[in-house]
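Hi,

Here is the structure I said I would pass on. Have a look at it first, and my notes follow underneath.

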Amino acid sequence: MTIPVESVYVGRTAGAAAAIRHHYDVGNAFYSLWLDRSLTYSCALRDGPDDTLESAQERKLRFHLDAVRADRARTVLDIGCGWGAVLRRLAEEHRVQHSVGLTLSEEQASFVRSQGYPGVEVRTENWLHYEPDAAFDGIVSIGAFEHFARPTDSPTEKISLYREFFTRCRGWLNRDGVLSLQTIAYANMSRADANGFIQQEIFPDADLPTLAEITAAAEGVFEIRSVSNGRLDYAWTCEEWARRLRLRRDEAVQLVGPEVVARYERYLKLSALGFRMGKICLFRIVLHPFRSGYFDSREVRAG
């Protein structure tokens, strides 16, 4: 049975924005205490036991920039741009003419705008509402995909929503464009077994995808060129964040209060444990649009 995407969207965008603000608008100063200098709030790409968080995050960013061929791109879209680590590199290192970042966090958007990166446009807008003026050479989406679905969505509804995302991305890309996607996903755990604390207190109104749901949604729309699972990278990343937060705990308490700090400490500990146990995982997926075939964008939208 095909679920009309319009029915899946009802009430979704307002809830998504509220959920993002709940988590990310705690304050830029708080996050700057324990993230790396680039304010990259997603899984790093570790290279050995002596690696640092800064170098591992830089390696992760390089992975996605290389995937979308940023060195020769003229236009790039970043869906879920955070505090602009990708956008900064697109502007300053690759001299990309026009980059667009989408975020639902006013704190993040204000921060990126304040940096004055050349050619960068930041929009506080859900991808469901976004209508670009021109096509992009590449699309990067790091850590946003896991916020798309809700715990009340059925697997069929989730696939329909993810398929709409892939369909729109395909329509927004130039003929030789590339989508580089990074997302947390369920692994050896069902949705029913998910930790209620994280679902209710940290990322409310969000539900993780499974690899099967992602591939089903992309079928006929994108060719999946590569998939890697960095769950141990994310366990280490969460442990590094927790360690850095402990070192500056007194400052963090002064900024946001002891309850918020305790909530984040618990969240980082539980997340690291989940990744180490294989309950959840981290996928880096590089996708190329199918240029033709039995599913073109109009056929996909028609269901």
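Leu 208 sits in the loop that runs between α8 (196–202) and α9 (211–218). This is a predicted model, by the way, so please read everything below in that light. Is Leu 208 buried or exposed, given that it is in a loop? Leu 208 has a relative accessible area of 17%, and it counts as buried because the cut-off for that is under 20%.

What does Leu 208 touch, if you leave out residues up to four places away in sequence? The list is Glu 146, Lys 158, Tyr 162, Ile 184, Ala 185, Tyr 186, Glu 213 and Ile 280. One of these, Ala 185, is 23 residues from Leu 208 in sequence, yet their C-alpha atoms are 5.2 Å apart in space.

Now to the strands. Strand β2 (residues 98–103) is mostly covered, with five of its six residues buried. On one side of the pairing list is strand β1 (residues 75–79), which runs parallel to β2 and is joined to it over five bridges. If you want a spot to click on, Ile 79 has Leu 102 in β2 as its bridge partner. β2 also pairs with strand β3 (residues 120–124), again in the parallel sense and over five bridges. There you can look at Ser 99, whose bridge partner in β3 is Val 120.

How does the chain get from β2 to β3? It crosses through helix α6 (residues 106–115), and this β-α-β crossover is right-handed. β1 and β2 belong to a right-handed β-α-β unit too, with helix α5 (residues 85–92) as its helix.

While you are at helix α6, find Gln 108, which is part of it. Gln 108 has a relative accessible area of 4%, so it counts as buried. Its side chain has a polar partner all the same: a contact of 2.8 Å joins Gln 108 to the side chain of Thr 103.

Last, the charged pairs. Side chains of opposite charge can pair when their charged atoms come close. How many salt bridges are there in this model? The count comes to 17, and I picked out three to show you.

- Arg 59 and Asp 51: the side chains form a salt bridge at 2.6 Å, N to O. Arg 59 is partly exposed at 28% relative accessibility, while Asp 51 is buried at 13%.
- Asp 66 and Arg 62: here the N to O distance is 3.7 Å. Both residues lie in helix α4 (residues 53–67), four residues apart, which is about one turn of the helix. Asp 66 is partly exposed at 49%, and Arg 62 is partly exposed at 25%.
- Arg 123 and Glu 121: this salt bridge is 3.0 Å, N to O. Arg 123 has a relative accessible area of 29% and is partly exposed, and Glu 121 is partly exposed at 28%.

There is also a network to look at: salt bridges with shared partners link Arg 62, Asp 66 and Glu 93 into one group.

If you have the viewer open, Leu 208 with its contacts, among them Tyr 162 and Ile 280, is a good place to begin. Then go on to β2, which pairs with β1 and with β3.

Cheers

Definitions and conventions. Residues numbered from 1 in each chain as written. Predicted model: local features only at pLDDT ≥ 70, side-chain atom pairs only at ≥ 80, totals over all residues. Heavy atoms only, no water. Salt bridge = Lys/Arg side-chain N within 4 Å of Asp/Glu carboxyl O. Buried < 20%, exposed > 50% of the residue type's maximum accessible area, 1.4 Å probe, protein only. Helix = DSSP H or I, 4+ residues; strand = E, 2+ residues; numbered from the N terminus. Pairing = 2+ DSSP bridges. Right-handed = clockwise from strand over helix to strand, strands pointing away. Polar contact = N/O pair within 3.5 Å; in protein donor to acceptor, adjacent residues only side chain to side chain. Contact = heavy atoms within 4.5 Å.
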